[in-house]
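Please open the model in a viewer and keep the selection panel at hand. The tour proceeds from one selection to the next.

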Amino acid sequence: MRTTSRGLIAALALTPLLAGCFASGDGDTGAGSGGRLRVALAVPPVQALSPYSNDATVLSKLSVAEGLTALDKNGTAKPALAKSWKQDGGTTWTFELRKAEFQDGTELTAQAVVKALEHAGAAKPKPRVLSDVSLTAKAEDADTVTLTTKSPDPVLPLRLASPALAILSAKAYAKGGAVSPVGTGTGPFEITRLNGKAKATLDRFDGYWGGRAKAPGIDVSWIADGTARANALRGGETDIAEWIPTAQAKLLDKATRHEVPSVRTDSLILNTGSGLFTDAGLRAAAREAVDGSALVDSVFGGYADPAQGLFGPAVPWAADKRVEVTGRTKATTAAGVKAGTKGKTLRLATYTNRAEFPEAASVLQQQLEKAGFTVKQDVREYTQMEADLLAGKYDALLFSRVTLLDTGDAVDYLASDFTSEGVYNIAGLKNAAVDKAIRAAAVERDTESRQEKTMRAEAEILRTDAVVPLVHEQAVQGIAGDVEGVVLDPRERSLIDVDTRLK
């Protein structure tokens, strides 16, 4: 039997979201009698599941922690720990909290929210979701929080849905900036044990404001090798295996293979800050050399589309508003590349957590070598190389990015990854025209105009050749036939919720 899906393949348009929203009733969902869920995740924790790292999505996938808001299937902000909100002028918002408690037994209060958001703002490095905003929180009374931004932020309710802005209890925050979600969230599942980068144990939190989860708990294993994850599902060793490699997908029983259009785009990121690709002509040569369409069938087995830009078909408004890229630098010829890079090696990095990437990197290496580059690959597990990526120690990176992950707002992704001060600016891009275009989109309140300005910013970014989009992926999730209620999320934020259970 096939699993059910909540919010499957929803349109991801930025719909109007600035009016106050109100939750439905908080009635108990009832407890299921099924057993514990076994889940195989792909990317091991980088920072002990800190919400200020890429680990944050694990907290939302497993329903451990929540923010003031969440995203519905259409990408609109909906109530979570805040039951309603309103905008008071251009830069001030008021949020009314629901009655809820943390997993350590303490109550959710306005002061707890203020402290949590202050810790997020003080984190080093700052969470990507805060890369383009300065946020001040104030407790008006026990259940009311006022948030103020230095400049108007039309998508603040979307921003607060980011897993990086999860509200944890006071117990979570230690001296020196360390933060732990173990037993400190508000979600229906509580982390009771974290065993390094290998395993975690989660138990049902019966005090959850939204009702008791139907599964009594979750046993998590991190398995970086995609083939091993697929084998664990086939062998009955796990109930849910995320990110099944495309080479393995068709080997799964059809009833266990679930395809989800994804907002994930795979690109070649070129380091504009140091090394070979400070030269715009060499960047243009690399852009002309690589061909993402060659990867669609040979590497991704058809579970991808050739990239049209930074945003793919799972962001349906992007295609109609795409702006032609003009004014690009002329590409250096192959002879010029060989002469200009003589004695220098192009350092091409990628990571093993995406099973297709080592093979894709080899294809790109061949394409780049035909253009005159001498290429050396560095392929490792992602957590081993993240610091080097952010420090600009590579010339090029084959990289997979969930473009609507942090807020559900495309502008936030552009700000964090491509502005001069962006906290996830792996390309090291510092371009005044790009910064101006992204700022213009960021302050736009009207949905249609915001989308149009987003696509103008995309064109400015692509003009620099700091990033070369290759393919738009389709995610394949592996789910055993006796599991129901798994959330198939194009944004890859959600996986298990109160309704997920063994039949």
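Select Arg128 and Tyr424: in this predicted model, Arg128 lies over the face of Tyr424, at 4.4 Å from the ring centre. A second arrangement of this kind may be displayed by selecting Arg354 and Trp243, where Arg354 lies over the face of Trp243, at 4.4 Å from the ring centre.

Return to Tyr424 and add Phe399 to the selection. A search of the whole structure finds 10 aromatic pairs. The rings of Phe399 and Tyr424 have centres 5.9 Å apart and planes at 50°, so this pair is tilted. Where do the two residues lie in the chain? Phe399 belongs to strand β16 (residues 396-402), while Tyr424 is in the loop between α12 (410-418) and α13 (432-442), so the pair ties together parts that are 25 residues apart in sequence. Are Phe399 and Tyr424 buried or exposed? Both are buried.

Now extend the selection to Tyr351, Phe357 and Tyr382. Ring pairs link these residues with Phe399 and Tyr424 into a cluster.

Next, select Tyr413 and Phe418. A pair of aromatic rings is described by the distance of the centres and the angle of the planes. For Tyr413 and Phe418 the centres are 5.9 Å apart and the planes stand at 80°, so the pair is edge-to-face. Tyr413 and Phe418 are both buried.

Select the whole of α12 and colour it separately. How many of the residues of α12 are buried? The helix is mostly covered, with nine of its nine residues buried; among them are Asp412, Ser416 and Asp417. To display what covers the buried residues of α12, add the surrounding elements, which include α3 (156-159), β16, α13, α14 (447-463) and β17 (467-479).

Finally, hide everything except α12 and α13. Two packed helices are described by the angle between their axes and the distance between the axes. Here α12 and α13 pack at an angle of about 150°, with their axes 10 Å apart. The angle is over 145 degrees, which makes α12 roughly antiparallel to α13. The crossing of the helices α12 and α13 is left-handed.

Show the side chains to inspect this contact. Which residues of α12 and α13 meet? From α12 come Val411, Leu414, Ala415 and Phe418, and from α13 come Val434, Asp435, Ile438, Ala441 and Ala442. Phe418 thus appears twice on the tour, in the ring pair with Tyr413 and in the contact with α13.

Definitions and conventions
Residues are numbered from 1 along each chain as its sequence is written. This is a predicted model: local features need pLDDT of at least 70, side-chain atom pairs count only at pLDDT 80 or more; totals for chains, interfaces and linings use all residues. Side-chain values use heavy atoms; hydrogens and water are left out. Rings of Phe, Tyr and Trp (its six-membered ring) pair if their centres lie within 6.5 Å; planes under 30 degrees apart count as stacked, over 60 as edge-to-face and the rest as tilted. Helices (H or I, at least four residues) and strands (E, at least two) are DSSP runs, numbered from the N terminus. Buried means under 20% relative accessible area, exposed over 50%, partly exposed in between (1.4 Å probe, protein chains only). A charge sits over a ring if NZ of Lys or CZ of Arg is within 6 Å of the ring centre and within 35 degrees of the ring normal. Axes are lines fitted to C-alpha atoms, for helices over the stretch in contact, and angles run from 0 to 180 degrees between N-to-C directions. Angles under 35 degrees count as roughly parallel, over 145 as roughly antiparallel, 65 to 115 as roughly perpendicular and the rest as oblique. A crossing is left-handed if the near helix is turned anticlockwise from the far one by less than a right angle, and right-handed if clockwise. Contact means heavy atoms within 4.5 Å.
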